[in-house]
Amino acid sequence: MQVTQTLDEGLKREFKVVVPAQDLDARLNERLATLKDRVNINGFRKGKVPVAHLKKLYGKSVMAEVVEETVAEANKKIVDDNGLKLAMQPKITLPQSQEEVEGVISGAADLSVTVELEVLPKIELKDVAELKLEKLVAEVTDAEVDEAVENVAKQNVPYVAKAEGEAAATGDRLTIDFLGKIDGEPFEGGAAEGQQIEIGAGRFIPGFEEQLVGATAGEQRVLNVTFPEEYGAAHLAGKAATFDVTVTAVEAPGELKIDDELAKSLGLDDLAALKATIREQIGNQYAQVARQKVKRELLDALDAQYDFDLPPTLVEQEFDNVWRQVVADLERSGRSFADEDTTEDDARAEYRKISERRVRLGLVLAEIGEKHEVKITDDEVTRALIERARQFPGQERQVWDFYRQSPEALAELRAPIFEDKVVDQILGQATVTERQVSKEELMADPDADGAGEKDAAATSGDEGKAAQRREKRAAAKTAAKAEAAEPTTDAEPSA
């Protein structure tokens, strides 16, 4: 086997591999010799079939296997001999013409293969101990706990049916049937029965709840509303509609009580235990936000520290993934690039920068993880898989089987686990100073332009415009989620 390097340009390598026909023939004969002990051929005793006869019967198919194994062996030799770390699977170019292929398969011609590679860049790691980071810390106040307890009490307040003929008021809960129409025609998903709605809660589209004030059980009303311009269902956004509503029940909220009985109804011992539980939950929320912010600061710092060539195919694949999501979000929200104060070309340039950042940080974190021998355990992957399955109630088994049968999908679960473990490794060595702040400062948007909190591994501080556009699309998706949160149909008049 003769291996000759024909290209060394940036992170691209190319090799020409030539395997003489006699070497292929020797490998073929060796394979056929082992085959003769396993096949039964009329006219020959088992194990006594001449290799020449086997070559006549099976030569082409076995030679195809030999070529495949030889190419794999050549790939390994190239990588091992040159000490390469591959960014992608090698691109193999085999003989193209039918004549060349027949010549190799028949054993009459040498095998000539071109192997194109993209390698990972060599990264000289910086000393993470030199990193100086700030972690925001917020204290959970008694006022916040009391407010949260009150909200819990409101969510669990009992409702009592109003007297016959008594009108509904703000704060009352109604049970309704409704049929939505646009231009007098019912629209798909615009009907529901037995829907509960609290007047004044603001969960339905503007004007819907307000028009039910004064309604009584058994009453029928026609409500006139307009769907918001950024409504989650694009085919309804901005359109005027009517809803034929039948009120089947009117209930008033009972007395709001914050006491031990409230806590016991929630499975806790007393009010003090409820407050302690809520304080812990809020504290965990603050801790998660604080971690995300210091993680972003860390990744921004790493991004500023490193500048090296990136494997083009890795960047292109990452960009394709990002761009598909951008386009899908725009289509789902019924928006265009012009609606987001940009052009497709400018947006592509911005998201390509985001893709380059992701690849760069991914390579740096992988290098740091390898240096410190960061490992992911099977238990960690299993816990992540269980959490993912829980996101699809009723489909847990299908989700579990899908990930277990798909190495690529399982790798998507492993990646964030690895990233977080490497981030923990770095934070453990860097100088991290805690600063006490208010809840408002902790929760504040990290971008001065109001772009919204960004994916720390995806964006950098100078990409606010792209993040702002993502925030606009997120608003549309939030509307869609609010819609889905109500137990009706896709076009339900929710916020």
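In this predicted model, the loop between β7 (173-182) and β8 (185-198) contains D183, a residue that is not a glycine and yet has a positive phi of about 55°. A second aspartate, D341, sits in the loop between α7 (312-333) and α8 (344-371), and its phi, too, is positive, with a value near 60°. Most residues other than glycine have a negative phi. The points below take up these two loop residues and then turn to a sheet of four strands.

**Loop residues with positive phi**

- D183, which lies between β7 and β8, has a relative accessible area of 77%, and because exposed means over 50% relative accessible area, this residue counts as exposed.
- D341, which lies between α7 and α8, has a relative accessibility of 66% and therefore also counts as exposed, since the cut-off is over 50%.

**The four-stranded sheet**

- The sheet is open, and its four strands follow the order β1-β2-β4-β3, with antiparallel pairing.
- At the edges of this sheet are β1 (2-9) and β3 (91-93), each of which pairs on one side only.
- On average, and with direction ignored, neighbouring strands of the sheet are turned by 20° against each other.

**The pairing of β3 with β4**

- Strand β4, made up of residues 111-118, pairs with β3 in the antiparallel sense, and three bridges join the two strands.
- As for a single pair of residues within the sheet, T93 has T114 in β4 as its bridge partner.

Technical notes:
Residues are numbered from 1 along each chain as its sequence is written. This is a predicted model: local features need pLDDT of at least 70, side-chain atom pairs count only at pLDDT 80 or more; totals for chains, interfaces and linings use all residues. Side-chain values use heavy atoms; hydrogens and water are left out. Two strands pair if DSSP finds at least two bridges between them. Axes are lines fitted to C-alpha atoms, for helices over the stretch in contact, and angles run from 0 to 180 degrees between N-to-C directions. Buried means under 20% relative accessible area, exposed over 50%, partly exposed in between (1.4 Å probe, protein chains only).
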